[in-house]
Amino acid sequence: MERKTNYGNWIPITILRICYGVSALLILLFLFFLCCCPCFWAELITGILAVASLVVSVFMHYCRYIFSFNGGGLMGEIHQFLIDHLEWKGDGTLLDIGCGAAALTNRCAKHYPKATLTGIDYWGIGWNYAKEQCEQNAEIEGVADRVTFQKGDAAKLDFEDETFDAAVSNFVFHEVRSQSDKREVVREALRVVKKGGSFAFQDLFGSRSLYGDMAQLIETLHNEGISEIHYIPHVERQPFISRRPALSLMLRNMGLIYGRK
């Protein structure tokens with residue numbers, strides 16, 4: 001029997017179960033007030049809440065399908081958009097910061113067949129990913145001989161300066177709890193890239209509360225020695241996402257920075 005990769009989903013099944021569970025409870029409450037203990041206001045409130053909860057549940061179910069690698073494939077398209085902007089020939093080493101279940105790591109490994117890759121992630125409680133899951137996925141994808149995984153903190157990477165020829169990261173920096181200033185997480189990622197090496201990082205760069213003025217940040221990084229850096233704001237407006245309007249709203253503030261150190 002052919003083994004299948006398990007890359008998870010940005011919307012875990014646990015969230016769906018909670019949403020549908022809350023909907024079921026509210027429907028039962030509505031029926032209770034309707035049939036056993038009539039009360040107009042209780043019926044109205046529980047009815048409205050039940051409908052709203054059910055709508056949210058169905059929407060989240062739809063989003064999970066669209067994101068799924070085995071469904072709508074949007075997660076894969078987002079990863080490919082990042083890779084398409086990594087200006088690298090693929091000779092040397094690449095670091096994937098916050099690799100999760102290794103979906104992006106393995107896609108990079110297949111895109112760059114001559115590269116040696118390292119995936120790091122904090123994993124741990126609260127995430128539905130694990131190192132063993134990464135290794136199994138890499139084996140199934142046929143890239144296990146070129147990919148290694150290790151536990152790490154994106155705010156303090158366990159690598160010397162200028163270790164890697166390239167680095168990528170996808171929707172990780174804003175989740176790093178050990179560093180409140182997410183601009184420093186970007187700097188830490190750039191620290192381990194060799195001079196002249198390539199990078200492509202995707203995150204909620206459009207959120208001013210996280211990154212402030214991106215034009216100013218880009219200018220600052222350039223002045224600090226990054227030779228080439230570009231910023232694409234509002235990735236959610238790219239055709240491969242914008243054709244799904246509901247998800248464009250859900251994925252707002254997406255941005256991509258890429259270039260050469």
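This section describes helix packing, a sheet and a pocket in a predicted model.

Two helices, α1 (residues 13-35) and α2 (residues 40-67), have axes that come within 8 Å and cross at roughly 160°. Angles over 145 degrees count as roughly antiparallel, and α1 is therefore roughly antiparallel to α2. The crossing in which α1 passes α2 is left-handed. Where α1 meets α2, the contact is made up of 18 nonpolar, 6 polar and 2 charged residues.

A second helix pair is formed by α3 (residues 74-84) and α4 (residues 103-111), whose axes come within 10 Å and cross at roughly 50°. At this angle α3 and α4 are oblique to each other. The crossing of α3 and α4 is right-handed, whereas α1 passes α2 in a left-handed crossing.

The model also contains an open sheet of 7 strands with mixed pairing. Across the sheet the strand order is β3-β2-β1-β4-β5-β7-β6. Its edges are occupied by β3 (147-151) and β6 (228-233), each of which pairs on one side only. From one strand to the next, the twist averages 15°. Within this order β1 stands between β2 and β4. Strand β1 (residues 93-97) and strand β4 (residues 164-170) run parallel and are joined by 4 bridges. For I97, the bridge partner in β4 is S169.

The second largest pocket was examined for its volume and lining. A volume of about 280 Å³ was computed for the second largest pocket. Its lining comprises 15 residues, and those nearest the centre of the pocket are N6, Y7, G8, N9 and R64. Of these, R64 falls within the residue range of α2 (residues 40-67). By class, 5 of the lining residues of this pocket are nonpolar, 9 are polar and 1 is charged. The contact of α1 with α2, by comparison, divides into 18 nonpolar, 6 polar and 2 charged residues.

Note on methods: Residues are numbered from 1 along each chain as its sequence is written. This is a predicted model: local features need pLDDT of at least 70, side-chain atom pairs count only at pLDDT 80 or more; totals for chains, interfaces and linings use all residues. Side-chain values use heavy atoms; hydrogens and water are left out. On a 1 Å grid over the protein atoms alone, a cavity is a set of points where a 1.4 Å probe fits but cannot get out, and a pocket is an open set with protein on both sides within 12 Å along at least five of seven lines; lining residues have an atom within 4 Å of a point. Grid points are joined across faces, edges and corners, and a volume is the space filled by probe spheres set on the points. Ala, Val, Leu, Ile, Met, Phe, Trp, Tyr, Cys and Pro count as nonpolar, Asp, Glu, Lys and Arg as charged, and the others, Gly among them, as polar. Axes are lines fitted to C-alpha atoms, for helices over the stretch in contact, and angles run from 0 to 180 degrees between N-to-C directions. Angles under 35 degrees count as roughly parallel, over 145 as roughly antiparallel, 65 to 115 as roughly perpendicular and the rest as oblique. A crossing is left-handed if the near helix is turned anticlockwise from the far one by less than a right angle, and right-handed if clockwise. Two strands pair if DSSP finds at least two bridges between them.
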